[in-house]
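This note is addressed to a colleague who is meeting the structure for the first time. Please read the points below with the sequence and the model at hand.

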Amino acid sequence: MRLGKITQAAWNRSVRKPLKKKQCTVGKMAWEQKCAELEQQIQRTEQSQKTEQDQKTEQDQKIETGRMTVWSTASAGGKNANVGAYAVIKAAGELASQKVMAEGVSIHAILPEQMQEEDVKHLTDTVGELCKKKNLEICQIQVETSSFVTQMVVTATAVGEKKSTAIREQEMTVAGEELLLCGYAGLEGTLRILDESEEELGTRFVPVFLEKAKLLREKLVLPDQILSVKEQVSDIRQIGSGGILAALWELGEELQTGFDIDFSKIALKQETVEICEFYQLNPYLMTSAGSFLLVTGQSEEVIACLAEQGVSAVRLGCMKDQNARVIKNGEETRYLDRPAADELARWWKEHA
């Protein structure tokens, strides 16, 4: 493909036409308009409240003043065009961690010069299928080629709305609440390695195993599933770069608390274990977008509700009013280390 933005004809063939078949909409849509309308709405609401502000107590001011638009951006890279879907899942999952449902998504893809228009169509198909399934508007798709990249890099920006309050609500106390894992550690990284190296994996594993592994895409937890329990949880964190161990550290840092968890309870798929063993990777240090950590005082209700959504959740342990972040594995007890480098990034470096 030529350098720079793809031609209008190629864009129509490989972006607009496939999305039209899937009944997805694309182009400059409600994103900018929505932002402007919301800003005007918030300004009107705030102006109205100023006239009543003197009559309100501080507690009364902790009420809804309008709605605000929230963005989250995430990137994914690789040679397989499925990375577009992973970028969307990651960006929408970050909004879900803020208890916000993504309503639209914008895509910017940079391709190496040697890639073909068929790769653009594959990217469009995978993103379009996911967005149609989850009722996400595709606000924009930009595609260009560059001599500065050696593999496809897709950046997704998800947008949603949340309530705006006059005074920031006080942080919830989470000590004593349970910590749950929703989904499976290392699953996103496993699927992305499978996308990129199916032929090499075929030298070790039988086709039935690899086909079964591909079906695990259905086990990635999507925003609407995790947001079904947003009222019952104190905190949500998507497991991104660095894997579950990095996510645990970041959660403790953000909440300024410790925890006591059982390492053996961390859920892994057998396919993840075997593919990671083949490449000598640590699944606990591998990107896991589409899996989440939840902090809740209503674990029974949350686990039951997620099960109704077809999502697996397990108890890892409890949050503690302490600095120590304790990990127990049988009779062994250790403390959580600072985040290490992501294993998928290491795999890419070794297999580029």
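The points that follow concern a pocket, a bent helix and one buried residue in a predicted model.

1. The second largest pocket has a volume of about 440 Å³. It is lined by 16 residues, and those closest to its centre are Ile89, Leu130, Lys133, Arg217 and Glu218. Two elements, helix H3 (83–97) and helix H4 (117–133), each give two or more residues to this lining. The largest share, four residues, comes from H4.

2. By class, the lining of the second largest pocket is made up of seven nonpolar, six charged and three polar residues.

3. Helix H5 covers residues 187–201 and spans only 16 Å between its end C-alpha atoms, whereas a straight helix of 15 residues would span 21 Å at 1.5 Å a residue. H5 also bends by about 65° at Asp195.

4. How much of H5 is buried? Eleven of its 15 residues are, so H5 is largely enclosed by the rest of the structure. Among the buried residues are Leu187 and Leu201, together with Asp195, the residue at which the bend of H5 is placed. The charged residues Glu188 and Arg192 of H5 are likewise buried.

5. Gln225 belongs to helix H7, residues 223–226. Its relative accessible area is 13%, which is under the 20% cut-off, and Gln225 is therefore buried. Leaving aside residues up to four places away in sequence, Gln225 touches Leu220, Leu306, Gln309 and Val311.

Conventions. Residues are numbered from 1 along each chain as its sequence is written. This is a predicted model: local features need pLDDT of at least 70, side-chain atom pairs count only at pLDDT 80 or more; totals for chains, interfaces and linings use all residues. Side-chain values use heavy atoms; hydrogens and water are left out. On a 1 Å grid over the protein atoms alone, a cavity is a set of points where a 1.4 Å probe fits but cannot get out, and a pocket is an open set with protein on both sides within 12 Å along at least five of seven lines; lining residues have an atom within 4 Å of a point. Grid points are joined across faces, edges and corners, and a volume is the space filled by probe spheres set on the points. The expected span of a helix is 1.5 Å times one less than its number of residues. The bend at a residue is the angle between axes fitted to the seven residues ending there and the seven starting there. Buried means under 20% relative accessible area, exposed over 50%, partly exposed in between (1.4 Å probe, protein chains only). Contact means heavy atoms within 4.5 Å.
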